[in-house]
Structures are given as structure tokens and as C-alpha cells.
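This report walks through one protein, beginning with its overall layout and then turning to a few of its parts. Please keep the sequence and the structure in view while reading.

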Amino acid sequence: MAGLSAFSAQNTLAASNPNYGITGQMAPELDVPYWIDAEGNDTQFKLADQRGKFVFMKCWQAWCPGCHSRGFPTLQKVTEAFIDEPKVLTLGIQTTFEGFSTNSKNRVREMQLRYDLPILMGHDTGKGKRHERPTTMLNYRTGGTPWLILVAPDGKVIFDDYHINTENAIAFLRTEVAKLA
């Protein structure tokens, strides 16, 4: 996809460290046990059901300063740009890998309302009582939060890193969605 590198930020972690990100690979199914819809109701979600769409995911924690200063504003802008576009789905996942009492399930709806995000939101705390890393972090090899992932309509990950140039990402998605029509 031409133009993809134009929306990534310079000196990204995944670009400089092969231990992060899975760009170019097929997107693993999300193993997130808790999802809410735009109204805050419990729901289910399967990434496999989204083939034919771009899926823009933001991984976050409620107490993460970068999530509030950069991640949520990016998610808001992308959501607003494509809220009525059926070929683009935006969603947020709280990938709790620390601060389990603060980054709780209740914070998912709180952040959805705080940032006026009428989108799917999930809560991934990993497996077991020892609070192992969330499966989203493990499967997508994220480096923490905020983390942004873009999955193409064919199911391949085309961006998987910390920061993104929001305006360029929106322009890229508009161009690519027009090609799908």
C-alpha cells in the first residue's frame, strides 16, 4: 500500500527494534474477555468478522499520560473521520500490564465517555492470577501504551507502533477506502 510510511512517525520503536510490532504479518485474533459497545453494553467481538474493513486499534491504560496526551486524541480524530464509513472500524483496548486496581474494567466505560468515543472498547488483563501480559500485547508484540495498530481489509497488520501522524493516517485511509468502493 503506497503512502503507508508517510503516516508513521519518525524513529518509531517497532521500526528501530525488531522485538516490537508484527507489521506485515496476519493479524492474530483478539483474545479480549471483556468488550462494551458504543452504549456501554457488554458485547462480543471477533477480528475475523471484520475482513474487508480497515481496523484501527488503540491500546491504552487509564493512568498512561501518553494515552491521554496523544493516544486518545488520535483515536478521537480517526473515529470522527470515519464514524459513518462502514469500511473503517475503530476500537480501543485497555491492555493492563500494571496498575491492575487503577486500570480496571470500570475505567473502560469511563474513558469511552470521557473522550466521547462511540466505539467498541475492550479490557485485556492477560491470563492467570499472576497478571501475565495481556494477550493483545503478546500477540501484537506491543511495547506498552499508547500503542496503535492498523489492520488492512485482507487481515494483515500494516502499522503496529507507538505513534502515528494522525492527519496523514486519515488521508491514507481515505485514499485506500476509495479504492475499495
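Read from the N terminus on, the elements of the protein follow one another as α-β-β-β-α-β-α-β-α-β-β-α, which comes to five helices and seven strands. The model is a predicted one, and what follows should be read with that in mind. Of the 181 residues in the protein, 49% are buried, and the protein exposes about 8,700 Å², of which carbon and sulfur atoms supply 48%. Among the contacts with a separation of 6 or more, 73% are between residues 24 or more positions apart.

## The sheet

The seven strands form an open sheet with mixed pairing, in the order E2-E1-E5-E4-E3-E6-E7. Strand E2 (42-43) and E7 stand at its edges with a single partner strand each, so that one side of each is left without a neighbour in the sheet. In general, strands of a sheet pair through backbone hydrogen bonds, and they do so either parallel or antiparallel.

Strand E6, which covers residues 147-151, is mostly covered, since five of its five residues are buried. Trp147, Ile149 and Val151 point one way from E6, while Leu148 and Leu150 point the other way, and all of these residues are buried. The pairing of E6 with strand E3 (residues 54-60) is antiparallel and runs over five bridges, whereas four bridges join E6 to strand E7 (residues 157-161), again in the antiparallel sense. The table sets out residues of E6 with the residues that stand opposite them.

| Residue in E6 | Residue opposite | Strand of the opposite residue |
|---|---|---|
| Trp147 | Cys59 | E3 (residues 54-60) |
| Leu148 | Asp161 | E7 (residues 157-161) |
| Ile149 | Asp160 | E7 (residues 157-161) |

E6 and E7 also form a hairpin, with five residues between them, and in the turn Gly155 has a positive phi of about 95°.

## Helix H5

Helix H5 is made up of 15 residues (residues 166-180), which at 1.5 Å a residue should span 21 Å, and the end C-alpha atoms are indeed 21 Å apart, in agreement with that expectation. The buried residues of H5 are Thr166, Ala169, Ile170, Phe172, Leu173, Glu176 and Val177. Seen down the axis of H5, these buried residues fall within an arc of 160°, and they therefore line one face of the helix. On the other side of H5, Ala178 and Lys179 are exposed.

What, then, covers the buried residues of H5? The cover includes E3, helix H2 (65-82), strand E4 (88-95), E6 and E7. At the start of H5, a side-chain oxygen of Asn165 reaches to within 3.3 Å of the backbone nitrogen of Glu167.

## Gln76 in helix H2

One residue of helix H2 can be followed in more detail, namely Gln76, whose place is in that helix. Is Gln76 buried, exposed or partly exposed? With a relative accessible area of 23%, Gln76 is partly exposed, because a residue counts as buried under 20% and as exposed over 50%. Leaving aside neighbours within four places in sequence, Gln76 is in contact with Tyr115 and Leu117. The C-alpha atoms of Gln76 and Asp116 are separated by 7.8 Å, although these two residues are 40 residues apart along the chain.

Key:
Residues numbered from 1 in each chain as written. Predicted model: local features only at pLDDT ≥ 70, side-chain atom pairs only at ≥ 80, totals over all residues. Heavy atoms only, no water. Buried < 20%, exposed > 50% of the residue type's maximum accessible area, 1.4 Å probe, protein only. Helix = DSSP H or I, 4+ residues; strand = E, 2+ residues; numbered from the N terminus. Pairing = 2+ DSSP bridges. Expected span 1.5 Å × (residues − 1). Arc of directions from axis to C-beta. Contact = heavy atoms within 4.5 Å. Polar contact = N/O pair within 3.5 Å; in protein donor to acceptor, adjacent residues only side chain to side chain. Areas by Shrake-Rupley, 256 points an atom, 1.4 Å probe, with all protein chains shown as cover.
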